[in-house]
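Here are a few notes to read alongside the structure. Keep the 3D view open and find each residue as we come to it.

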Amino acid sequence: MRGKANSADSLLDELQNTLAHGTVARRVETLRRVTDLFIEGAVDYSDEQIELFDDVFKCLVLHIESKAKVLLAERLAPLGKAPPRIIHHLAFDDHLAVAGPVLSQSPQLDDKTLIENARRKSQGHMLAISKRTALSGEVTEVLVELGNHEVVHSTVNNPGAQFSAKGYAKLAERVENEDELVSLVGVVASMPRHHYLKLVAKASASVRARLEAANPQAATEIATAVREIGRRARSPNVASEETTIARGLVRSLYEDGRLDDAMVYSFASSGKFDETNAAIACLAKVSVSITENMIVQARAEGVMILAKVAGLTWPTVEAIIRLRDELAGMPLPELDACRSTYEHLRPSTAQQVLRFHRMQQETGRAAPAA
């Protein structure tokens, strides 16, 4: 290691002479030799030695053409102990051929740097970031918010990308605003169920509006077709593994006789959509797809009908309404009016309306709002 350090020190003298008197070709050759020396001993170099290489690289890249920078970026990008300042410098280069390898590979770039880069640089830079082996929820939020269709699609299809609740919400907003992103429906297998349902609903509305504008005479047929697509997309068969596990656990609680009003209240007040939905389905003795369709309706009557059949108390019903509206980003309805409606709703009436919803789903038609 001492020999390598001496070689590095001797290169500093050569570097000073090269920068002062050398041609471009000589500078590029010096950069190649410095890079070779660093890669050869990167694992063994101390922090001080890496800092020295950082200084050397920073001096050299200020005096070389882009082609040489590209080669440097490609060679340093995969290294876990690459000099951090030159990595940062290359990542913010305007030329994507230079920045791309570093943005997509370098473990030296933290979330703060990646987010800054995504906000300051081009769509191409964001696309490179979207291809990293792992992406945190904070980074994907920015990519989904600011990226074009290609960036968002790359991010969503990256198996190493994590999504926060805010990130999923931004993805749903993009589907509402950009028809291109309708193709993303069903792509995110790990998406929490309530975000997936919101995504499907907004995509369906976008498709319907576009088709009706193109062919207004066929509005009725288009509406029917889009509803059927939405119904299939909301099928339990496309539920994530997390949703499937939650449903199984709730079913076990129900079969053991441990599922009651207090437990449903606990699920809802804790923001657990999957567990709440599955619990209502068990207690109302209907499928989870029926409860989902009724819960995600714009009006709160669907929740109250299911709750009345399930025998839930008003505090639990209120918790469910709050959960639903918070997750969907909708304003709360007038809760006093909802309470009055719920208290006057007869179980027999709720059963009748629920049977109607079940019949409509079985025949493939959408039930009108209760």
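1. Let's begin with a term. A salt bridge here is a side-chain nitrogen of Lys or Arg within 4 Å of a carboxyl oxygen of Asp or Glu. With that in hand, look for Asp 54, Asp 55 and Arg 85, which are joined in a network of salt bridges. Please keep in mind throughout that this is a predicted model.

2. How many salt bridges does this rule give? The count comes to eleven. The next three points each take one pair.

3. Start with Arg 247 and Glu 292, whose side chains meet in a salt bridge with an N to O distance of 2.9 Å. This pair links distant parts of the chain, 45 residues apart: Arg 247 belongs to helix H14 (residues 241–255), and Glu 292 to helix H17 (residues 288–295). Are these two residues buried or exposed? Both Arg 247 and Glu 292 are buried.

4. Now turn to Glu 145 and Lys 170, another side-chain salt bridge, with 3.8 Å from N to O. Here too distant parts of the chain are linked, since Glu 145 sits in helix H9 (residues 137–146) and Lys 170 in helix H11 (residues 165–177), 25 residues apart. Lys 170 counts as buried because its relative accessibility is 15%, and buried means under 20%. Glu 145 is partly exposed, because its relative accessible area is 36%.

5. For a pair within one helix, find Glu 343 and Arg 339. Their closest N and O atoms are 2.9 Å apart in a salt bridge. Both residues lie in helix H20 (residues 335–344), with their positions four residues apart, about one turn of the helix. Glu 343 has 48% relative accessibility, so it counts as partly exposed. Arg 339 is partly exposed as well, with a relative accessible area of 40%.

6. Next, a backbone detail. Which residue has a positive phi although it is not a glycine? That is Lys 285, with a phi of about 60°. You will find Lys 285 in the loop between helix H16 (273–284) and H17. Lys 285 counts as exposed because its relative accessibility is 62%, and exposed means over 50%.

7. Gln 105 is a good place to practise reading contacts. Gln 105 lies in helix H6 (residues 96–105) and is partly exposed, at 41% relative accessible area. Which residues does Gln 105 contact, leaving aside its neighbours within four places in sequence? They are Ala 77, Pro 78 and Arg 132. You can also check the C-alpha atoms of Gln 105 and Ala 134: they are separated by 9.7 Å, although the two residues are 29 residues apart along the chain.

8. Finally, look at confidence. The protein chain has a mean pLDDT of 79, and 70% of its residues reach 70 or more. Among its elements, helix H8 (residues 123–130) has the highest mean pLDDT, 97, and helix H13 (residues 219–233) the lowest, 52. Residues 1–5 have a pLDDT below 50, and beyond near neighbours in sequence this stretch has eight contacts in the model. Over residues 365–370 pLDDT also stays under 50, and there the model has 13 contacts beyond four places in sequence. Where pLDDT is low, the predicted coordinates should not be read in detail.

Technical notes
Residues numbered from 1 in each chain as written. Predicted model: local features only at pLDDT ≥ 70, side-chain atom pairs only at ≥ 80, totals over all residues. Heavy atoms only, no water. Helix = DSSP H or I, 4+ residues; strand = E, 2+ residues; numbered from the N terminus. Buried < 20%, exposed > 50% of the residue type's maximum accessible area, 1.4 Å probe, protein only. pLDDT = per-residue confidence, 0-100. Contact = heavy atoms within 4.5 Å.
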